[in-house]
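I opened my notebook beside the model today and jotted down what I looked up. Here are the entries, in the order I made them.

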Amino acid sequence: MALNLNKNLKLYYSIKEVAEMFELNESTLRYWEQEFPFLKPKTSGSAKIRQYQEKDIEQIRLIHNLVKVRGFKIAAARTILTKNRKGVDTNAEVLERLMNIRTELQALKKQLDYMQ
């Protein structure tokens, strides 16, 4: 069996780590948990410390895309995710790829400008 170097070794992320990933407040994530019933991170201990897994982070990525990037209201985002989940997944993937391509093109442009 080959060693998979791309595999993320971390199983759980704290709410602080996830909030930093998306440049959000921790309170925003807690609010989204109330508004989107499918977003349920694991909690542990009597303090109910949230432990986000990769699947939870993917859910947040979709919500973030709809609410923060595309400007949908919470109710509209919830409806879209409920009725057309596959389409939202596909759109989010395409948008992420396009953003990565744009970043690469901007870096190439800087290199070309530097060479002139």
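**Pocket first**

I began with the largest pocket, where helix 1, helix 3 and helix 5 (85-115) each supply at least two residues of the lining. A reminder to myself: this is a predicted model.

Which helix gives the most to that lining? I found that helix 5 does, with five residues.

I then looked up the whole lining of the largest pocket and found eleven residues. Lying nearest the pocket's centre are Arg61, His64, Val69, Glu96 and Met99. By character, I noted six nonpolar, three polar and two charged residues in the lining. For the volume of this pocket I wrote down about 250 Å³.

**Arg61**

Arg61 was on the list for the pocket centre, and I followed it up. I located Arg61 in helix 3.

Is Arg61 buried or exposed? Neither label fits: its relative accessible area is 27%, so I entered Arg61 as partly exposed. The cut-offs I needed here are under 20% for buried and over 50% for exposed.

Next I checked what Arg61 touches, skipping residues up to four places away in sequence, and got Phe22 and Glu96. Glu96 is also one of the residues nearest the pocket's centre. I also looked up the spacing to Met21: Arg61 and Met21 are 40 residues apart in sequence, and their C-alpha atoms are 9.6 Å apart in space.

**The nonpolar core**

I turned to the largest nonpolar core and found 20 residues in it. Those with the most contacts inside this core are Val18, Leu29, Trp32, Phe36, Tyr52, Ile60 and Ile63. Helix 1 (15-22), helix 2 (26-35), helix 3 (54-69) and helix 4 (74-83) are the elements that give two or more residues to it. The largest share, six residues, comes from helix 3. As background, nonpolar side chains in soluble globular proteins tend to be buried together.

I picked Trp32 for a closer look. What is Trp32 in contact with, leaving aside its neighbours within four places in sequence? My list reads Leu24, Leu39, Ile60, Ile63, His64, Val67, Lys68 and Ile74. His64 turns up here and also among the residues nearest the pocket's centre.

**A loop residue**

My last entry is Glu23, which I found in the loop between helix 1 and helix 2. Glu23 has a positive phi of about 55 degrees, although it is not a glycine. I noted Glu23 as exposed, because its relative accessible area is 74%.

Conventions:
Residues are numbered from 1 along each chain as its sequence is written. This is a predicted model: local features need pLDDT of at least 70, side-chain atom pairs count only at pLDDT 80 or more; totals for chains, interfaces and linings use all residues. Side-chain values use heavy atoms; hydrogens and water are left out. A nonpolar core is a set of buried Ala, Val, Leu, Ile, Met, Phe, Trp, Tyr and Cys residues joined through side-chain atoms within 4.5 Å. Buried means under 20% relative accessible area, exposed over 50%, partly exposed in between (1.4 Å probe, protein chains only). Helices (H or I, at least four residues) and strands (E, at least two) are DSSP runs, numbered from the N terminus. Contact means heavy atoms within 4.5 Å. On a 1 Å grid over the protein atoms alone, a cavity is a set of points where a 1.4 Å probe fits but cannot get out, and a pocket is an open set with protein on both sides within 12 Å along at least five of seven lines; lining residues have an atom within 4 Å of a point. Grid points are joined across faces, edges and corners, and a volume is the space filled by probe spheres set on the points. Ala, Val, Leu, Ile, Met, Phe, Trp, Tyr, Cys and Pro count as nonpolar, Asp, Glu, Lys and Arg as charged, and the others, Gly among them, as polar.
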